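Morning, everyone. Please look at the screen, and I will walk you through one chain.

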Amino acid sequence: MIIQSLCRHYDILEKDEDVNIPKLGYSSAKVSFALVISSDGNLSHIVDLRSDDKKPKPKDMDVPIQKSRSSGVFPYFVCENAKYVFGVEKIKKSDFEKKFDLPTSEGNPIEHKVLEENDKEVTLVYPRSRECFEAFKTLHHAILNDLDDPGVRGLLSFLDSWNPEEFLENPKTRQYKDDLLAGGNCVFECDGIFLHQKSVVRNAWENYSQDEVGGKFVAQCLVSGKVEPVAPIHQKIKGVVGAQSAGASLVSFNDDAFCSYGKKQSFNSSVSESSMFKYTTALNHLLSSQRNRIRIADTTVVFWAETSEKSCEDLMKFFFVPQETEKNEENQDIEKNEEKNVEVSRVQDTNQIQQIEGILNKVRIGKKINQEDIGTDPETNFYILGLSPNNARLAVRFWYVDSIGDFIERVARHHLDMEIIGDDYGPRYTSIYRLLNETVPQSSDKKVVSPLLGGLIIRSILTNAVYPIPLYSAIMSRVKVEGSINFVRAGVIKAYLLRLSRSGLLNVKQDLITMSLNEESPNVPYRLGRLFAVLEKAQNDTNKEMKSTINSKYFSSASATPAVVFPVLLKLAQHHIAKSEWGFRSSQLIEQILAGVDEFPAYLNLEDQGMFMLGYYHQRKAFFTKKEVISSEEKSL
């Protein structure tokens, strides 16, 4: 299902003129240098294709497909690294001493020639690097020998005359020696044209690829249903946070226990070469796109619609990552080089926020989302895929398929359930990154979030189910330990209790779980939370510079065992009220709140503790709001 959906997405991208995606037989590669070859086979000069950033980035180019390779010698066509192009390699000094200074099993050290060395690294030519160069040369002769093109003849002449041991003697290669040997790809330029872009070279490559496919194992493809050559090894997927930088496999068989009927490698899965190319290319394209990718804990999430219209994907991303500042934090590991692009147009932000407000209002009153609201047909299929690293492979953390309209309604419902009174200057909506960040100690330098929690939250959001208990427990624990509750934590508590009530698992009615202060609520835990906020304020009004308050000493125990703590707090409050100029107002509030409390409960369960904290948060915000109203009225006078 996943591979089929990605193959269909590739077909859509291929027809989109605004999308640059490799065609069958080609792949995107990061290229650092262009080697300019003259028609007589000399290396004229080297062009640095990298960006001018503080940390130079290679240029993305569509080149003949670079299939996954392991430890064997496997050259790529017209785009390779220095080890294959020049037959030279740079290794660490410690590795050199282990590998080349010790005798082999035959009794003699490995033959090699050191071109340059320092305290850390050694540049050398040895049998393996020579073998790589010879394989590279042989491949290009096999594909290009019959072509009568000046640039092609120049390249073949260069390869025939090149001697790896002369790498540092050539002034051109010596100038870029460190950068070339760092592993970046090189392409060839002849007469002002990149060789891999010449039509005669592309035709030769495609004919060679077709002949190579002819001798492969043929079977019915599980994706397309056609009888086609089966891919023995699938291309690597790049861009998943935590996976190997060279890429990881989504489909792979590396142990006999995974194989059956005598089949080896990916012949067990019977996916054709063309289907393999489509799904790996589409997935790599999605992972490289900021529009289609977010990070949730250790999971990299990609999402896409079965349409060429991009507005719904932008909208879905804005729902998942509402604030641009949070987006930058959320993707800090995979977007750390894109800081200069963080600022977005204020007008665009405003338009998206207005669009989301309209959708939220519709969902709030139960109206159906239509095409005018989201810019595409609400019945369009939408896909969400969560991938996490698993050694050299990728694990599918979750996979959801539904219409874009239904997904947006559920994500909108999540934001409505989380909605709570907060700071006017703060973000209105909360990203999943920010939500997860509140489950770990805020004082910790390394905030390690539970890898499973992100997937559980996504499932709750996309299936409109009750939020996971581990999320609620973690938030409650942080509030008790740190003695503080912000709008994110309060929003989580409210949303959890609201969905629990909606599902009939809580004996508190939905209309009692509100966004802001509900002075008429008869719920005792909620009233006790309000009472604690009033007692805390009475103490602060007496001495605002007091370092130790009832919050730090009694908050956790008051929320769990009110009958033990509140009599002590009420007795203590009398001293504070007597000294405070606001004492009369505090006394009124205490009487008003206690009018709905017949007795202090001996114990509050976890859900009742949530109502306690919600009441505490609402009452504190009410104090702040009233102050703002009074001050604004005074200014108007």
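Let's start in the middle of a sheet. Strand 5 and strand 7 are antiparallel partners, joined over four bridges. One of those pairings is easy to find: K92 has E121 in strand 7 as its bridge partner. Before I go on, keep in mind that this model is predicted.

Now the other side of strand 7. Strand 7, residues 121-125, also pairs with strand 6, again in the antiparallel sense and over four bridges. Look for V114, whose bridge partner in strand 7 is L124. Then look for E116, which has T123 as its bridge partner in strand 7. How many residues does the hairpin use to join strand 6 to strand 7? Three residues.

Put those strands together. They make an open sheet of three strands, in the order 5-7-6, with antiparallel pairing. Why is one side of strand 5 and of strand 6 left without a neighbour in the sheet? Strand 5 (89-92) and strand 6 (113-117) stand at the edges and have a single partner strand each, so one side of each has no neighbour there. The sheet is also twisted in this sense: neighbouring strands are turned by 35 degrees against each other on average, direction ignored.

A quick reminder for the newcomers. Strands of a sheet pair through backbone hydrogen bonds, and the pairing is either parallel or antiparallel.

Is strand 7 mostly covered or mostly open? Mostly covered: four of its five residues are buried. There is a helix here too. Helix 3, residues 93-100, lies across strand 5, strand 6 and strand 7. Helix 3 runs at about 95 degrees to strand 5.

Next, strand 13. Please move to residues 299-305. Strand 13 is mostly covered, with seven of its seven residues buried. Check which way the residues point. T299, V301, F303 and A305 go one way, while T300, V302 and W304 go the other way. Both sets are buried.

Which strands pair with strand 13? Strand 12, residues 293-296, pairs with strand 13 in the antiparallel sense over four bridges. In that pairing, I296 stands opposite T299. The two strands form a hairpin with two residues between them. Look at A297 in this hairpin, which takes a positive phi near 55 degrees. Strand 14, residues 381-390, pairs with strand 13 as well, antiparallel and over six bridges. Here T300 has L387 in strand 14 as its bridge partner.

On to the rings. How many aromatic pairs does the structure hold? The count is 24. Let's take one, F158 with W162. Their ring centres are 5.7 Å apart and their planes are at 40 degrees, so this pair is tilted. Tilted covers angles that are neither under 30 degrees, which is stacked, nor over 60, which is edge-to-face. Are these two residues buried or exposed? F158 has 3% relative accessibility, so F158 counts as buried. W162 has 10%, so W162 counts as buried too. The cut-off for buried is under 20%.

Some rings gather in a group. F532, F555, F566, F600, F612 and Y616 form one aromatic cluster.

Other rings have a charge over them. The charged end of R69 sits over the ring of Y76, 4.0 Å from its centre. The charged end of K537 sits over the ring of F623, at 5.3 Å from the ring centre.

One more residue, C7. You will find C7 in helix 1, residues 2-15. Its relative accessibility is 7%, so C7 counts as buried. What does C7 touch, not counting residues up to four places away in sequence? V223, S275, K278 and Y279. Also look at F277: C7 and F277 are 270 residues apart in sequence, yet 8.6 Å apart in space, C-alpha to C-alpha.

Finally, zoom out to the whole chain. It has 23 helices and 15 strands. Of its 637 residues, 49% count as buried. Take the contacts with a separation of 6 or more: residues 24 or more positions apart account for 69% of them. The accessible surface comes to about 31,200 Å², and 48% of that belongs to carbon and sulfur atoms.

That's my tour. Questions, please.

Notes: Residues numbered from 1 in each chain as written. Predicted model: local features only at pLDDT ≥ 70, side-chain atom pairs only at ≥ 80, totals over all residues. Heavy atoms only, no water. Buried < 20%, exposed > 50% of the residue type's maximum accessible area, 1.4 Å probe, protein only. Pairing = 2+ DSSP bridges. Axes fitted to C-alpha atoms, helices over the stretch in contact; angles between N-to-C directions. Contact = heavy atoms within 4.5 Å. Phe/Tyr/Trp six-rings, centres within 6.5 Å; stacked < 30°, edge-to-face > 60°. Lys NZ or Arg CZ within 6 Å of the ring centre and 35° of its normal. Areas by Shrake-Rupley, 256 points an atom, 1.4 Å probe, with all protein chains shown as cover.
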